[in-house]
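Please open the model in your viewer and keep the sequence panel beside it, since this tour moves from one selection to the next.

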Amino acid sequence: MTIEIRDASLEARIRKQLQATGSSSVEEVLLRLLDTQEEQDRWLLENREEINAKIRRGIAQLDRGEGIPDDQFRAKVRQALSDPRQAVPHKKVEAHFAKRGAAALRKTR
């Protein structure tokens, strides 16, 4: 099978992954990414009921008026945005939790 990448930004992201992961080929990068996605999908399926229960519980709390008032919520957001500590890039956070999720899955096997 031959796959052609026509999107230059996508090709750049794949090349970046090649370098960042020390992968020896595009196939290795794609396999790693697919494995990670499949692990995330499997985790979501396994935890769907628990996730939905938490969402329902949160909606019920909001319906009962147990949410944070808008002004307090906005104050917390302002406080977080003005935090002087260095921000952690979103991709780094995603990578961290993907790694933790993969490790947890390996332990259950």
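Which residue takes a positive phi just after H1? Select Gly22, whose phi is about 70 degrees, and keep in mind throughout that this is a predicted model.

Next, select H1 itself, residues 8-21. At 1.5 Å a residue, the 14 residues of this helix should span 20 Å, and the end C-alpha atoms of H1 are indeed 20 Å apart, so the expected and modelled spans agree.

Now add H2, residues 26-63, to the selection. Two packed helices are described by the angle between their axes and the distance between the axes. For H1 and H2 the angle is about 90 degrees, and the axes lie 10 Å apart; the two helices are therefore roughly perpendicular to each other. To see where they meet, show the side chains of Ile14, Gln17, Leu18 and Thr21 on H1, together with Val26, Val29, Arg32 and Leu33 on H2. Coloured by class, the residues of this contact divide into five nonpolar, two polar and one charged.

Keep H2 on display and bring in H4, residues 90-108. H2 and H4 pack at an angle of about 70 degrees, with their axes 10 Å apart, and because angles from 65 to 115 degrees count as roughly perpendicular, that description applies to H2 and H4. On the H2 side the contact is made by Thr36, Glu39, Gln40 and Arg42, and on the H4 side by Ala98, Ala102 and Leu105. By class, these residues divide into three nonpolar, two polar and two charged.

Centre the view on Ala98, which lies in helix H4. Leaving aside residues up to four places away in sequence, Ala98 touches Thr36 and Gln40. If you then draw a distance from the C-alpha atom of Ala98 to that of Val29, a residue 69 places away along the chain, it should read 15 Å.

Finally, turn to the largest pocket, which holds about 970 Å³ of space. The elements that give two or more residues to its lining are H1, H2 and H4, and H2 gives the most, with nine residues. The lining comprises 22 residues, and to find the middle of the pocket you can select Gln17, Arg32, Leu33, Thr36 and Ala95, which lie nearest its centre. What classes of residue make up this lining? Nine are nonpolar, four are polar and nine are charged.

Key. Residues numbered from 1 in each chain as written. Predicted model: local features only at pLDDT ≥ 70, side-chain atom pairs only at ≥ 80, totals over all residues. Heavy atoms only, no water. 1 Å grid on protein atoms, 1.4 Å probe; cavity = no way out; pocket = protein on both sides within 12 Å on 5 of 7 lines; lining within 4 Å. Points joined across faces, edges and corners; volume = space filled by probe spheres on them. Helix = DSSP H or I, 4+ residues; strand = E, 2+ residues; numbered from the N terminus. Nonpolar A, V, L, I, M, F, W, Y, C, P; charged D, E, K, R; others polar. Axes fitted to C-alpha atoms, helices over the stretch in contact; angles between N-to-C directions. Parallel < 35°, antiparallel > 145°, perpendicular 65-115°, else oblique. Contact = heavy atoms within 4.5 Å. Expected span 1.5 Å × (residues − 1).
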